[in-house]
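Okay, everyone, thanks for coming. I'll put the model up and then walk you through an interface, a helix and a sheet.

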There are 4 protein chains.
Amino acid sequence: MTAATAKRILLTGFEPFDKDSVNPSWEVARALDGALIAGGVVHALQLPCVFGAAMPVLDEALAQLQPTLIISLGLAGGRTDITPERVAINMDDARIADNAGNQPVDQPVVREAPAAYFSTLPIKAMVRNLRDAGIPASVSNTAGTFVCNHVFYALMHRLARRAGPGVRGGFIHIPALPQQAAQHPGMASMALETQVQGIRSAIHTAMTVQEDLQENAGQLH
Amino acid sequence: MTAATAKRILLTGFEPFDKDSVNPSWEVARALDGALIAGGVVHALQLPCVFGAAMPVLDEALAQLQPTLIISLGLAGGRTDITPERVAINMDDARIADNAGNQPVDQPVVREAPAAYFSTLPIKAMVRNLRDAGIPASVSNTAGTFVCNHVFYALMHRLARRAGPGVRGGFIHIPALPQQAAQHPGMASMALETQVQGIRSAIHTAMTVQEDLQENAGQLH
Amino acid sequence: MTAATAKRILLTGFEPFDKDSVNPSWEVARALDGALIAGGVVHALQLPCVFGAAMPVLDEALAQLQPTLIISLGLAGGRTDITPERVAINMDDARIADNAGNQPVDQPVVREAPAAYFSTLPIKAMVRNLRDAGIPASVSNTAGTFVCNHVFYALMHRLARRAGPGVRGGFIHIPALPQQAAQHPGMASMALETQVQGIRSAIHTAMTVQEDLQENAGQLH
Amino acid sequence: MTAATAKRILLTGFEPFDKDSVNPSWEVARALDGALIAGGVVHALQLPCVFGAAMPVLDEALAQLQPTLIISLGLAGGRTDITPERVAINMDDARIADNAGNQPVDQPVVREAPAAYFSTLPIKAMVRNLRDAGIPASVSNTAGTFVCNHVFYALMHRLARRAGPGVRGGFIHIPALPQQAAQHPGMASMALETQVQGIRSAIHTAMTVQEDLQENAGQLH
């Protein structure tokens, strides 16, 4: 198999936002650009951290690449581990402005569309394999209501309507980098190397596991 | 107006679970049973903390009472404040067994039904009024995947299909009681009196505010 | 026994600081002013939240009252429970300015004095009795390095040098009030009534228990 | 300069405890064994995680090496950053048993000795330099009451009584490793490489900075 015949994996990360000079979601995506994982080749794509404007960029990549697997990454400052998201909700509600100054309140991501979509990634198997590899991970039941959830929802809406069989997608939140946490006392972090290794593992799981594990990973509340 | 002509408010709480001897959600509901709030009278109902079995109990009350407003309460041990929930998801994923020993993993609450429903309560106005009254509150974007979310989802599914115009419902998580936190060092709590006052305020808001506030209350992740 | 023949208990609280309009430590002290507890009568005293200036106020009360028991209260915004402090350290290191604009860095509370003093209150028994009464409590191993620790250290220094036999003292941190937490989403709180009941219990324990419990209440780190 | 003429730096770590199979404090010390840092050579020493028994091992190394700098490392599971400790207290109070089954309650580390000692390391400068290097760090005001504090206190007691001029020592708590946090959902962690880089930086600061920074790093409580 060569890169030309390999399946295509689209891995997106965001540009920095909220006064940060770096965004680990893009650093991880960039580090894996071109990687061959379980018969697929990773194409990294940077998205603007802007409501609305992120989607045409993603759409163009979806049209050109026709990827089999799409994973969007986003920073979750304060989380301790790699968290595959379970559900995207049709709701924009911004606590801070995005990079273009937008701050929508209680707006749908897509009008007249379903309230939510579930990730089609094998999130339980991803978490199990990450933990077995010594990398902290857990399933998250909320991706928030900012640009991360916005992209996650819009992606799943497109996949639900237009994707061919076997195309899967979802969103993974990742922790801050140590250099970010060093500026925010008390904030948890994860080294870039660990994050890259973790997302590589997650992609491998998504490329190889068809039926997700039946392991509980829920929250009481 | 008399209780006979008043609008009916159904307020549910759960029986104790997970080794606790008390559940603040029922203590609060019981304390408000019969209260007249903004032209409505509260009917308290205890639900079993059991997947599936909780719903016939709720259904019977819905059929008999024909309430205008339905608020389900549940304990969120560890939360610091009163949290109106934004969204119910169609997912049962139990980290611990319920009171009948059920522990479903990744099962839909209702088969062939939407992925999620949004609360039809004015959750932003509720939070604003609670804070103005000096009671800690915030909007929550996840009700978890246990019996609380199960009841929340099933309630919203019924309301979406069968409710008449003007009927609204949703779910509010509340903190542990001090007596519970006293057994779990580090757990936050809220006095029963504060909780009762808070839920009374939330009901008042739900009975009087038609259009919710356009205030951001989102989370970045 | 009358108030005139009763033992005297000095209970101090601080004036508000850091933009708050209320300080629960003073609200609790004020609420217990004049209370008869286990043969002692409570004298409430408000201290300025100012390095240095707090001590002459305390000294004058110590000289006039000749109390048997001295408990200083202070707010620990964010803590979930009532926390008798174990140790006062000889260190002022202010993260924010006090109410007079002072912000000492790494200065001793008292020059040429010991590095620390241990509380002479029965802190383990206090915690045990609070929990048994359904009030969240735990032993704390650090009172910080702000005005609370400053007063705690200076108090213990005076007691170590000048107090007669049987005089005991210490410091208890208490949580924010709900009305304060309502302005700081996520902050834990405790109702004033619970706090007053808790400090009443703590005073009762201090008046009646001579030998502290031999229960572990330590921290691994 | 050769290793033979270099100043000697004693760096201790603990054996694993509490069911863990690895202890980052020893992994870090081992990784730096033999390193030449700012004119000093690191000698790594493993201590048993046992009250009392840890000290003869340390004493022998102190006598043989005659180190100029002594830094003891310990795991603080749950902390997010590298935390030089400010103060050691004369108190053993074990929440769990040590590796020999000892669980002392409210016992002095050293009888008839001072209540506490302050670290003689430049802890503010260490934290500043760590943050500037992009490594999360903060000053801690409590080392707990378990074997970590026990060793810290006993070390400072020896240095206060027997050390020659210019000999400095203290304790640094470090976070869990990712492989440990992978078994404890929600626990923060730090990669071994980051920890090793961080402790190397801290040693360099301790070898080169005589007067500590006058920067506030205190806690309100």
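Let's start where chain D meets chain A: the area buried between them is about 1300 Å², and carbon and sulfur atoms give 58% of that. Buried area here is the accessible area, with a 1.4 Å probe, that two parts lose on being put together, summed over both. On the chain D side, D:Thr80, D:Arg131 and D:Ala182 lose the most area to chain A, together 32% of what that side buries.

Quick housekeeping: this is a predicted model, where local features need pLDDT of at least 70 and side-chain atom pairs count only at pLDDT 80 or more, while totals for chains, interfaces and linings use all residues. Residues are numbered from 1 along each chain as its sequence is written, chains are lettered from A and ligands numbered from 1 in the order in which they are written, and side-chain values use heavy atoms, with hydrogens and water left out.

Back to the interface. In terms of contact, meaning heavy atoms within 4.5 Å, 18 residues of chain D meet 18 residues of chain A. How many salt bridges are there between chain D and chain A? Zero, counting a side-chain nitrogen of Lys or Arg within 4 Å of a carboxyl oxygen of Asp or Glu. Helix α5 of chain D, residues 178-181, gives the most to the side that touches chain A, with three residues. Helices here are DSSP runs of H or I, at least four residues, and strands are runs of E, at least two, numbered from the N terminus.

What about the other chains? Chain A and chain C have no contact, and their closest C-alpha atoms lie 13 Å apart. Chain B and chain D don't touch either, with nearest C-alpha atoms 13 Å apart.

Now, helix α1 of chain A, residues 24-32. Seven of its nine residues are buried, so the helix is largely enclosed by the rest of the structure; buried means under 20% relative accessible area, with a 1.4 Å probe and protein chains only. Among the buried ones are A:Trp26, A:Val28 and A:Leu32. Their cover includes β1 (7-14), β3 (40-47) and α6 (192-208) of chain A. Just after the helix, A:Gly34 takes a positive phi of about 90°.

Last, the sheet in chain D: six strands, open, mixed pairing, in the order β2-β3-β1-β4-β8-β5. Strands pair if DSSP finds at least two bridges between them. The edges are β2 (36-37) and β5 (83-84), each pairing on one side only. β2(D) runs antiparallel to β3(D), residues 40-47, over two bridges, and D:Leu36 stands opposite D:Val41.

Technical notes: Buried means under 20% relative accessible area, exposed over 50%, partly exposed in between (1.4 Å probe, protein chains only).
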